[in-house]
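Me: Got a minute to go through a structure with me? I'd like to start with how the chains are arranged and then look inside one of them.

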Number of protein chains: 2
Amino acid sequence: MPELSFDVVGIGNAIVDVLTQADDALVEAQGLPKGGMTLIDGSQAESLYDEMGPAREISGGSAANTLAGVASLGGRAAFIGKVRNDQLGGIFRHDIRAAGVHFETPPATSGPPSGRSLIFVTPDAQRTMATFLGAATELGPDDVDAAVVAAAKVTYLEGYLFDRPAAKAAFVKAAEAARAAGRKVSLTLSDPFCVERHRAAFRDLVEHHVDLLFANEQEICALYEVPDFDAALQAVRNHCDVAALTRSAQGSVVLAGDEVHVVDAAPLVRLVDTTGAGDLYAAGFLFGYTRGDSLYDCGRIGAIAAAEIISHFGARPEVDLARHLEDCMAAPGD
Amino acid sequence: MPELSFDVVGIGNAIVDVLTQADDALVEAQGLPKGGMTLIDGSQAESLYDEMGPAREISGGSAANTLAGVASLGGRAAFIGKVRNDQLGGIFRHDIRAAGVHFETPPATSGPPSGRSLIFVTPDAQRTMATFLGAATELGPDDVDAAVVAAAKVTYLEGYLFDRPAAKAAFVKAAEAARAAGRKVSLTLSDPFCVERHRAAFRDLVEHHVDLLFANEQEICALYEVPDFDAALQAVRNHCDVAALTRSAQGSVVLAGDEVHVVDAAPLVRLVDTTGAGDLYAAGFLFGYTRGDSLYDCGRIGAIAAAEIISHFGARPEVDLARHLEDCMAAPGD
């Protein structure tokens, strides 16, 4: 067997996205916090699906999107996550492997069906998610292959995993295996509501166990319970080796001790669906980081990957990101 | 129970499309005739899916697309077609009902899984399809509700149904029920290879049983075994009450006895994926036809609906076609 070697291994919820266009009134009528991710159970998923317009299914899952992005950029990527042995699970497995991502987590053969996220894209291109985790909740420490984690420069962990005890145990096992192998540990805070649910644990992680943190403005403010971005920036600065903080159209700020970079958002041809913007920013950043780029360039690659993903429906790249990156970096005036 | 009343009832293969972007080399390597539809079995579907890049799933099926289009335009639409009681079947059922189409065909509870069409969209926006009919082959005469057929001004039949004996029997039952109720019967030839497989039967249908025929240039030439469009036009003219013949970017020609209309293609913002162009032309035409528009206006509405569908991935409308039609009809210079 050839020796395993990865740039990034990601661990997260294996999810198929079910995307529809919707107006604000529908999102409000369903009681979903706009722009956020709400967890729902199987029967809620069924009744919400009944209310939903015609949809399209595209493989998703936050960390899975990131790893698909890393692979599309030319990085060596692996993913650990749980589906069931059903049709949606087969779609997830096909798509992530077809994207070039190593994916060997065995599917569950019993229990709930594969997870799905019902995503309502409003005319302002914002996405509001209602997620039925399904089989993703069956992910446990046994699914974490320590050899794969040890073989990856960075282990990338999804904050969403904290929503279920077994998945959280998988998270902890992976972080420890990465640490033991002298590898880097990276965390994304995932969602402001997720931060609210697990604030103390996330603060402990960020301050003691994480080398590279990803968060958007709402998430980092929620973590430190501060009202504005600058206060959050000052708070995280003292705690984390590297933090990449995203701010939608206002770009991102990358912090590492005394080093601070302000990175503009990449030019955008058209804004269709913001699903996956943060996931693909992380993909670009991690790709640059694992090949030794400067932190400023990592942020720029993140911005370019994010701009591609929000120009169409779905959170998986529609173009070869490696070629796209080359084109963008070569663009006149850039 | 309220009295049933429909503008159009369609009968066809219930299919979920699995769309991917591919280059010409891949399509050629798989031995698929470019731009056509090839029937494959379950094991071929599996191995072809393995070769396929990341994909998205969008409900499809030729007649089903047409009926979704009729509903989006504001027409009263019904569909008869067979899925299994599996996840893909649930997606199909959800999407067509969410589009506003009456759909009550009970799913199969045993036998092959729901049908799917693996669709390769090449950079020229052409689509090449490999279809595993699956549960769609279980459609039979018992699934045809004669009350629904009698309640529809037009019964729209997919030529593809001729590929399986039971589906063909359903087709014949529906045509006879429509005829018995004094309703119109419409047929789409579906695909030039489908015409080759069933030429004699299709000619008999067109000449004796069909009021309104849809065909593209390749299909009508295949039906009459003539080398060019004009020859096909002269041949069909003597046989069919109304024929609407589509020619991609060259628009369409509508024939009814001595009446002949040449209809331009609608202006196109961008060409992404031609999947569903013919299906949505038929939707627009049938919508106009059942509300009593002139044949020329029927062709124009068909062209507008087709232009919308080819501006994005997938063969179901992404906008409210009724509003889109209003906008297009009101456009200056039109």
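Reply: Sure, we can take the symmetry, then the contact between the chains, then the sheets and helices.

Me: What kind of model is this, and how are things numbered?

Reply: This is a predicted model, where local features need pLDDT of at least 70, side-chain atom pairs count only at pLDDT 80 or more, and totals for chains, interfaces and linings use all residues. Residues are numbered from 1 along each chain as its sequence is written, while chains are lettered from A and ligands numbered from 1 in the order in which they are written.

Me: OK. What rotation and shift superpose chain B on chain A?

Reply: A rotation of 180° with 0.0 Å of shift along its axis, at an RMSD of 0.0 Å; the fit is by least squares on the C-alpha atoms of residues with pLDDT of at least 70 in both copies. That is the relation of a two-fold axis.

Me: Which C-alpha of chain B is nearest the axis?

Reply: That of E57(B), 2.4 Å from the axis. Both copies use the same surface, as 100% of the contact residues of chain B recur in chain A.

Me: How many residues does each chain put into the contact?

Reply: 19 residues come from chain B and 19 residues from chain A, with contact meaning that the C-beta atoms, placed from the backbone, lie within 7 Å.

Me: Which elements of chain B give two or more residues to that?

Reply: β4 (56-60) and α4 (87-98) of chain B, and α4(B) gives the most, with 6 residues. Helices here are DSSP runs (H or I, at least four residues), as are strands (E, at least two), numbered from the N terminus. By class, the side of chain B that touches chain A has 9 nonpolar, 5 polar and 5 charged residues. For those classes, Ala, Val, Leu, Ile, Met, Phe, Trp, Tyr, Cys and Pro count as nonpolar, Asp, Glu, Lys and Arg as charged, and the others, Gly among them, as polar.

Me: How do β4(A) and β4(B) run, parallel or antiparallel?

Reply: Antiparallel, joined by 3 bridges; strands count as paired if DSSP finds at least two bridges between them. R56(A) has I58(B) as its bridge partner.

Me: Switching to chain A alone, what's the strand order in its open sheet?

Reply: The 9 strands go β6-β5-β1-β9-β10-β11-β12-β13-β14, with mixed pairing. At the edges are β6 (102-103) and β14 (259-263) of chain A, each with a single partner strand, so one side of each is left without a neighbour in the sheet.

Me: In which sense do β1(A) and β5(A) pair?

Reply: They pair in the parallel sense, over 4 bridges, and I11(A) is partnered with I80(A).

Me: Now helices. At what angle do α3(A) and α11(A) pack?

Reply: About 45°, with the axes of α3 (residues 62-73) and α11 (residues 277-290) 8 Å apart. Axes are lines fitted to C-alpha atoms, for helices over the stretch in contact, and angles run from 0 to 180 degrees between N-to-C directions. α3(A) and α11(A) are therefore oblique to each other (under 35 degrees is roughly parallel, over 145 roughly antiparallel, 65 to 115 roughly perpendicular, the rest oblique).

Me: Which residues meet there?

Reply: On the α3(A) side they include S62(A), G69(A) and L73(A), and on the α11(A) side D279(A), G284(A) and F287(A) are among them. The residues of this contact divide into 7 nonpolar, 5 polar and 1 charged.

Definitions and conventions: Two residues are in contact if their C-beta atoms, placed from the backbone, lie within 7 Å.
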